[in-house]
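The exercises that follow are meant to be worked through with the coordinates open in a viewer. Each one sets a task and then gives a solution in steps.

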Amino acid sequence: MRHPLRTSAGLAGAVLVALMVILAIIGPPIWGATAERIDSAAILQGASAAHPLGTDNLGRDILARVLVAGRLSLTLALLATLIGAGAGTVLGALPSVLPRRLGRLVTGTVNALVAFPGLLLSMFIAVVTGLGARGAVLGIGAAIAPGFARLTQTLAASVAKADYVAAARMLRVPRRRVMTRHILPNIAEPLILNLTQALGGALLALAGMSFLGLGVQPPSFDWGRLLFDGFSRIYATPAVALGPAVAVALAGIGFNLLGDALANAASRKPTPARKARLRAAPDTTGLGEPAPEAVLEVRDLTVAFPGGVTPVRGLSLTIAPGEIIGLVGESGSGKSLTASAIGGLVPYPGEVSAGRLRLCGADVRELPEAERRKLLGTSLAMVFQDPMASLNPALKVGGQLAEVATVHQGASRAEARGRALDRLGHVHIPEPARRARQHPHELSGGMRQRVVIAMGLMGSPRLIIADEPTTALDVTVQRQILRLLREVTDETGAATLFISHDIAVVGELCDRVVVMYAGRVVEELPVEELASGAAHPYTRALVASLPDMETDRSRPLASIPGRQPSPAELAEADGTAGGCAFAARCELATARCAQRPPLVDHGKAHRVACWEA
Amino acid sequence: MIIKNLTVRFGAFTAVDDVTLEIPSGAIVGLVGESGSGKSTLARAVAGLVPYTGAVEGCDQRRVQMVFQDPQASLDPRMTVGASVAEGLRLPRAARQAEVERLLSLVSLPAALAGRYPRELSGGQRQRVAIARALCARPEVLVADEITSALDVSVQGAVLNLVRSLREELGFSMLFISHNLAVVRYVSDVVAVMHRGRLVEMGPTEDVVGTPKDGYTRSLIDAVPRLGRS
């Protein structure tokens, strides 16, 4: 949660509210006597040195009266808000507890009340319950209640769909208890935030009621009453009306600003997306000559976030044309951030550094901005888990594909359209002309993923990065997409980086497998060796823990005790030992594992980072 | 438990279409199908969470408990592990703590975890807590809806082992739902295949997997990714 007082508006609101509270506490004891002192010699005066805001018809000092009236104004507003919020929350919660028909009746009543003008409702109630502060407070409370009831209903309805409420229902927990134990605690935060804003509104509404003569009656006075008294003289001596008006306005603004700031902070908006800076690693010696044919060559790639959190640590990767590399690891292993770093998509404030980051023979970091954009725009195709992340839901599929050709390749609209249809057909979309006229939401998940792949094929991709592209798909569709990726790679001669948590999928599709654990590569091996030739205990355990269609059902599955340390935990460990991150879960671990094993050759095209391999 | 001619309709859409399925006492019945095949809706109907037509016989529906896919969503973030596990217990306060400890030890979690909140636990530990909560009602039938698909591969095996050993120990029957045929094959005694709301094939695991009769079952089996098949 971002601190609500970081923004200037939030700070201003907090200061104003604090001032109002202090005023309410110290106002009456300090200025109370002055405010009540009748001075027949100074009746109806304008602003002067002795009376900065003038005096009223009994010669009382208006500034003192404004300062004293703060307590009553704020207290009444608070009372009205509490009454409204209390009644509203109960009304909103009732439908979830009452029998269904009665609940519907309550919901309907609330809906009708929400539609009814609030001021009218409060005036009506104020008149019915008798003129005076009590009537005004009840009236404003009644006007606030329907809004709170509606908010409570909406929030409660969304929490009621949660699996933990379903679990409680199955355990025969009574509905009243579900309400008090599960629903109310989980909706309390937004309700309390709304309270602050409602308080500002109630303050203004009460001032309005008093101003209309429906609220506080003499000899009591609040800001609205003072405004009412001074209003008749506003043309002769404006100061007498301005004082209470400014007080009401400042208090109203203060509560609203604070409420907004709290609500914004609670909604946990992400910080605006900015690209991370790309920095070269300080030491680039000893990397050797760049591999000439490789499409992608990454050396010592590190992605770091402030606070010493380093999710990717010294990763090296080379992909040749026509090759599919599988990058496999658990969530939190740094595999997706690796892809983001290569595509220049690491979110701010992450910092990417690398000894070498060459795409199609050029180091991406040395290119001028315009050329880098062009290189990434035409030679890199990215496919994500959710195809909707890459597609604009408001545009037709064909137009989105054609745009790639008109923007990056300068094609005419007719050419671009023709190419789009050709590419759609290429990824085996039946009736490409008809599909091109459809919006993304009209397509199935598998179709959408095909469209995204076709979009990547609009240029001439040299590198395809596919980040969990089949995780959201059904197995039969997954199979088709995997085939398509293989086909596209063979045909275009592109290099493909395929990222997945599923080692079986990687084993089925890829030529080489790179296994990541806690931000580092622990093993790199040809796919043929995955099933029985893996050397790192983590890779072996991953393979063994995965049931396949031949697994012996009479024996328990292999499992790895413990869990992968998070990047933040690793940052702490770095200060002390910084040994093998897997050692704590490894049955082969020895004293040597307190030192981090380097990634060394282990037979042909096979590298492993383990002392015991 | 026998599910007889169970149908669930949402408006004009039939999510589960006339499914008849027997879950023999003490057996694990695996239910596979793609997303939208109706398998999760069937589970929710059996658990009494969605209205249905047809009948669920041979078991008190109050003794059906369910474990959900994502333990993060199925545990109240504002309740401690102990309070969540104790939710279905109707016991005096003194006996409650001992029972919570017993349930946690059943799912191989230390008793000290009872005071923690779900966010302090790993995904695998959270799913164990959700299983312990379901066990507190001493269920006759446990419905497990994709309980490993939100977990990392390295903990999936441990949860599957736990489910199998609990069944041995406590003798409940189970409806085990997954889109992953390899997982279903490993866990289940009987496999049922759903497609577009209908049950297309059902039989002992080895028969369904070894000699599938339905074309759709065959295509599912073909699509299972295998290490190093090329």
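**Exercise 1. Describe the hairpin of β1(B) and β2(B), then place it in its sheet.**

Solution. Begin at the turn of this predicted model: two residues lie between β1(B) and β2(B) in the hairpin, and B:Gly11 adopts a positive phi there, near 65 degrees. Next, follow the ladder away from the turn, where β1(B) and strand β2 (residues 13-22) of chain B run antiparallel and are joined by six bridges; B:Phe10 has B:Phe13 in β2(B) as its bridge partner.

Then turn to the other pairing of strand β1 (residues 2-10) of chain B, which is made with strand β4 (residues 53-57) of chain B, antiparallel and over four bridges. Along β4(B), B:Ala55 is the residue opposite B:Lys4, while B:Thr53 is the residue opposite B:Thr7.

Finally, assemble the strands: the order β2-β1-β4 of chain B makes an open sheet of three strands with antiparallel pairing. Its edges are β2 and β4 of chain B, each of which pairs on one side only, and neighbouring strands are turned against each other by 20 degrees on average, direction ignored.

**Exercise 2. Establish the strand order of the six-stranded sheet in chain B, and explain what is special about its edges.**

Solution. The order of the six strands in this open sheet of chain B is β5-β6-β7-β3-β8-β9, and the pairing is mixed. Because β5 and β9 (198-204) of chain B are the edge strands and have a single partner strand each, one side of each lacks a neighbour in the sheet. From one strand to the next, the twist averages 20 degrees.

For a pairing inside this order, take strand β3 (residues 28-32) of chain B and strand β7 (residues 173-178) of chain B, which run parallel and are joined by five bridges; within that ladder, B:Ile28 is partnered by B:Met174 in β7(B). As a last step, add the helix α5(B), which lies across β5 and β6 (141-145) of chain B and runs at about 175 degrees to β5(B).

**Exercise 3. Characterise the side of chain B that touches chain A.**

Solution. First count both sides of the contact: 44 residues of chain B are in contact with 47 residues of chain A. Then list the elements of chain B that supply at least two residues each to this side, which are β5 (64-67), α2 (71-74), α5 (123-135), α6 (153-170), α7 (181-187) and α9 (215-223). Of these, α6(B) gives the most, namely eight residues. Sorted by class, this side of chain B consists of 20 nonpolar, 14 polar and 10 charged residues.

**Exercise 4. Work out the surroundings of A:Ala558 and its degree of burial.**

Solution. Locate A:Ala558 in the loop between α18 (537-545) and α19 (567-576) of chain A. Its contacts, once neighbours within four places in sequence are left aside, are A:Ala541, A:Ala544, A:Ser545 and, from the other chain, B:Gly157. A further pair to check is A:Ala558 and A:Val543, which are 15 residues apart in sequence and 8.9 Å apart in space, C-alpha to C-alpha. For the burial, A:Ala558 has 18 C-beta neighbours inside 10 Å and therefore counts as partly exposed, since 20 or more would be needed for a buried residue.

**Exercise 5. Find unusual backbone geometry in the loops of chain A.**

Solution. Start with the peptide bond between A:Pro218 and A:Pro219, which is cis, with omega about 5 degrees; A:Pro219 belongs to the loop between α7 (175-211) and α8 (223-231) of chain A. Continue with A:Cys360, a residue other than glycine whose phi is positive, near 55 degrees. A:Cys360 sits in the loop between β6 (356-359) and β7 (362-363) of chain A and is partly exposed, with 16 other C-beta atoms within 10 Å.

**Exercise 6. Assess the overall form of chain A.**

Solution. Compare the radius of gyration with the rule for a compact globule: near 25 Å would be expected for 613 residues, but chain A has 34 Å. Along the principal axes, its C-alpha trace spans about 105 × 65 × 60 Å. The domain assignment gives domain 1 (4-267) and domain 2 (277-394 + 439-524) of chain A, and the centres of these two domains are separated by 55 Å, taken over C-alpha atoms.

Terms used:
Residues numbered from 1 in each chain as written. Chains lettered and ligands numbered in written order. Predicted model: local features only at pLDDT ≥ 70, side-chain atom pairs only at ≥ 80, totals over all residues. Contact = placed C-beta atoms within 7 Å. Nonpolar A, V, L, I, M, F, W, Y, C, P; charged D, E, K, R; others polar. Domains from an automatic or database assignment. Pairing = 2+ DSSP bridges. Axes fitted to C-alpha atoms, helices over the stretch in contact; angles between N-to-C directions. Rg over C-alpha atoms; globule rule 2.2 N^0.38 Å. Buried ≥ 20, exposed ≤ 12 C-beta atoms within 10 Å, placed from the backbone.
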